[in-house]
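Hi,

Here's the structure I promised to pass along. Have a look at it first, and then read on for my notes.

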Amino acid sequence: MLCHHLIDEQGNTKKIQLTKPSVFAIPHREYIVIPFDSQLWAYGEAATLLSSACGCIAMDSKTIPINFDSWSNVPKSYKDGCFNIVKVYAYTKLFSLALFN
């Protein structure tokens, strides 16, 4: 179990221990901080957590039906739904304004 930073809407941060399954149980209105480099690649332990969470979301047949053989064939509405799920749990400077405004 690794420590990750959470941030709330007021900008308060704290460190908590998270496992992959517990990502979906973080407190409401608190977000995992995910750092990105200058090429917009997530890095560090939070990137691994993000990747695992995205995998769980993509494997849920209620989120993305299994009849698509490729991500490029998945309609935008399903992709947007996945992104909205990720936004609930993740905080990055890339979409923090969308989350907090």
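Below is what I found, starting with confidence and ending with two single residues.

Keep in mind that this is a predicted model. The protein chain averages a pLDDT of 76, and 85% of the residues score at least 70. Confidence peaks in strand β2 (residues 13-18), with a mean of 84, and bottoms out in helix α3 (residues 96-100), with a mean of 39. Over residues 93-101 the pLDDT is below 50, although this stretch still has 14 contacts in the model beyond near neighbours in sequence. Where pLDDT is low, the predicted coordinates shouldn't be read in detail, so I'd treat those contacts with that in mind.

Next, the core. The largest nonpolar core has 15 residues, and the ones with the most contacts inside it are L18, V23, I26, I32, I34 and L49. Helices α1 and α2 (76-89) each supply at least two residues of this core, and α1 gives the most, with 5 residues. As general background, nonpolar side chains tend to be buried together in soluble globular proteins.

You may also want to look at the second largest pocket, which holds about 160 Å³ of space. Its lining consists of C54, I57, A58, W71, K79, C82, F83 and V86. By type, that lining divides into 7 nonpolar residues, no polar ones and 1 charged. Both α1 and α2 supply at least two lining residues here, but α2 gives the most, with 4 residues. So the two helices turn up in both places: each supplies at least two residues of the core and at least two of this pocket lining.

One of the lining residues, A58, sits in helix α1 (residues 45-59). Is A58 buried, partly exposed or exposed? A58 counts as partly exposed because its relative accessibility is 39%, which falls between the 20% and 50% cut-offs. The C-alpha atoms of A58 and Y78 are 9.8 Å apart, with their positions 20 residues apart along the chain.

The other residue is T13, in strand β2, the element with the highest confidence in the protein chain. T13 has a relative accessibility of 53%, so T13 counts as exposed, the cut-off being over 50%. Leaving aside neighbours within four places in sequence, T13 is in contact with L6 and I7. T13 and V33 are 20 residues apart in sequence, and their C-alpha atoms are 9.0 Å apart in space.

Cheers

Technical notes. Residues numbered from 1 in each chain as written. Predicted model: local features only at pLDDT ≥ 70, side-chain atom pairs only at ≥ 80, totals over all residues. Heavy atoms only, no water. Buried < 20%, exposed > 50% of the residue type's maximum accessible area, 1.4 Å probe, protein only. pLDDT = per-residue confidence, 0-100. Contact = heavy atoms within 4.5 Å. Core = buried A, V, L, I, M, F, W, Y, C linked by side-chain atoms within 4.5 Å. 1 Å grid on protein atoms, 1.4 Å probe; cavity = no way out; pocket = protein on both sides within 12 Å on 5 of 7 lines; lining within 4 Å. Points joined across faces, edges and corners; volume = space filled by probe spheres on them. Nonpolar A, V, L, I, M, F, W, Y, C, P; charged D, E, K, R; others polar.
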